[in-house]
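Me: Walk me through the salt bridges here, please, and take your time over it. Once that part is clear, carry on with whatever else is worth a look, and spell out the cut-offs as you go.

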Amino acid sequence: MHHTIIWQIRFPRVLLAILVGASLSLGGLVFQALLRNPLAEPYILGISGGSAIGAIIGIMMGFARFPGVSFTAFLGSLATLGLILVMTSGQTILKKESLLLSGVMVNAFCSAVILFLLSMVQDSRLHNILFWMMGDLSTGDMNQVGILFALLLPCLVLIFWLSHSMNLLLMGKELAQTMGVNIKMVTLTLLVTVSFMVSATVSYCGLLGFIGLVMPHLLRLLLGSDHRVLVPACIMGGGAFLAVCDLLARTLPRHGEMPPGVITALIGAPLFIYLLKRSR
């Protein structure tokens, strides 16, 4: 029994937490570099809202959590990304104000749709939907971990390969162009890659906030602003942070467990306020 609990239940869950935490942390780092805004994070584009809408529709239609709900959540994420790319098509995609405002507007619309869908659910599915929206790592197994790792590994490698270009983008558009950086191509590549990566993780385990907001900011204060160092640091730091949060979510309640998204919010929000005051 101990072997089953450790290797078939706990170990896949820890690996899933590491993969998801690394992806969200790295996504926040990339968005902060592209938008040059320390408050940017993976959910700024509204991808989480679109994924939540897709997952709720899948649950209401009676699909299994995997692959049914995960697939509908992923479709919702892709639809949201396509909508934002259309809204910021052309040269405006390089303007951080346009991208941020588009994400805020799409998030607001997705929140309204989520509330509408929740108001239509009257049975036990409501609990499943609410639990998923707060983050759920309890359903992970080695098959899901393997599929998610195969999806995320090319994204992680590509972002690390473009880490030097992100350093040049922080110095300004003119300087980056003189150094041979194709700004539009690099921006679009990073944007699509991170959006795909974040939507894949959200479709597997739901909404987990503050990881992509806090971890890049903390590591930037500790290690500096070189993305060649920050990219692997965010992968390791974000994965460790979510694994610890999931451990606390399983051990703190006397009966049952709480969603790890509750722990990430309880830890992340005060920590980010402290980091924000310290950076000032």
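Reply: R13 counts as buried, at 4% relative accessibility. On this scale buried means under 20% relative accessible area, exposed means over 50%, and partly exposed is whatever falls in between, using a 1.4 Å probe and protein chains only. Before going further: this is a predicted model, so local features need pLDDT of at least 70 and side-chain atom pairs count only at pLDDT 80 or more, while totals for chains, interfaces and linings use all residues. Residues are numbered from 1 along each chain as its sequence is written, and side-chain values use heavy atoms, with hydrogens and water left out.

Back to R13. Its side chain meets that of E257 in a salt bridge, at 3.0 Å from N to O. R13 sits in helix 1 and E257 in the loop between helix 11 and helix 12 (260-279), so this pair ties together parts that are 244 residues apart in sequence. Helices here are DSSP runs of H or I with at least four residues, numbered from the N terminus. While R13 is buried, its partner E257 is partly exposed, at 30% relative accessibility.

That contact belongs to something wider: R13, D246, R250 and E257 are linked in a network of salt bridges. The cut-off for a salt bridge is a side-chain nitrogen of Lys or Arg within 4 Å of a carboxyl oxygen of Asp or Glu. One of the links is D246 with R250, whose closest N and O atoms are 3.6 Å apart. These two both lie in helix 11, 4 residues apart, or about one turn of the helix. D246 is another buried one, with just 1% relative accessibility.

In total the structure holds 4 salt bridges. Among them is the pair R228 and D226, where the closest N and O atoms are 3.2 Å apart. Both ends are partly exposed: R228 has a relative accessible area of 44%, and D226 comes in at 25%.

Helix 11 turns up again in the packing. Its axis (residues 227-251) and that of helix 7 (residues 163-170) come within 8 Å and cross at roughly 120°. That makes helix 7 oblique to helix 11: under 35 degrees would be roughly parallel, over 145 roughly antiparallel, 65 to 115 roughly perpendicular, and the rest is oblique. The axes are lines fitted to C-alpha atoms over the stretch in contact, with angles from 0 to 180 degrees between N-to-C directions.

Helix 1, home of R13, also has a greasy side. M1, I5, I6, W7, I9, F11 and M142 form a nonpolar patch on the surface, together worth about 720 Å² of accessible area. Patch residues have over 30% relative accessible area and no salt bridge, and nonpolar side chains are joined within 5 Å (like charges within 9 Å); the areas are Shrake-Rupley values with a 1.4 Å probe. Helix 1 (residues 2-35) supplies the largest share of the patch, 5 residues. I5 is found in helix 1 and is partly exposed, with a relative accessible area of 34%.

One backbone oddity to finish: phi of F210 is near 75°, a positive value in a residue other than glycine. F210 lies in the loop between helix 9 (183-205) and helix 10 (211-223), and is partly exposed at 28% relative accessible area.
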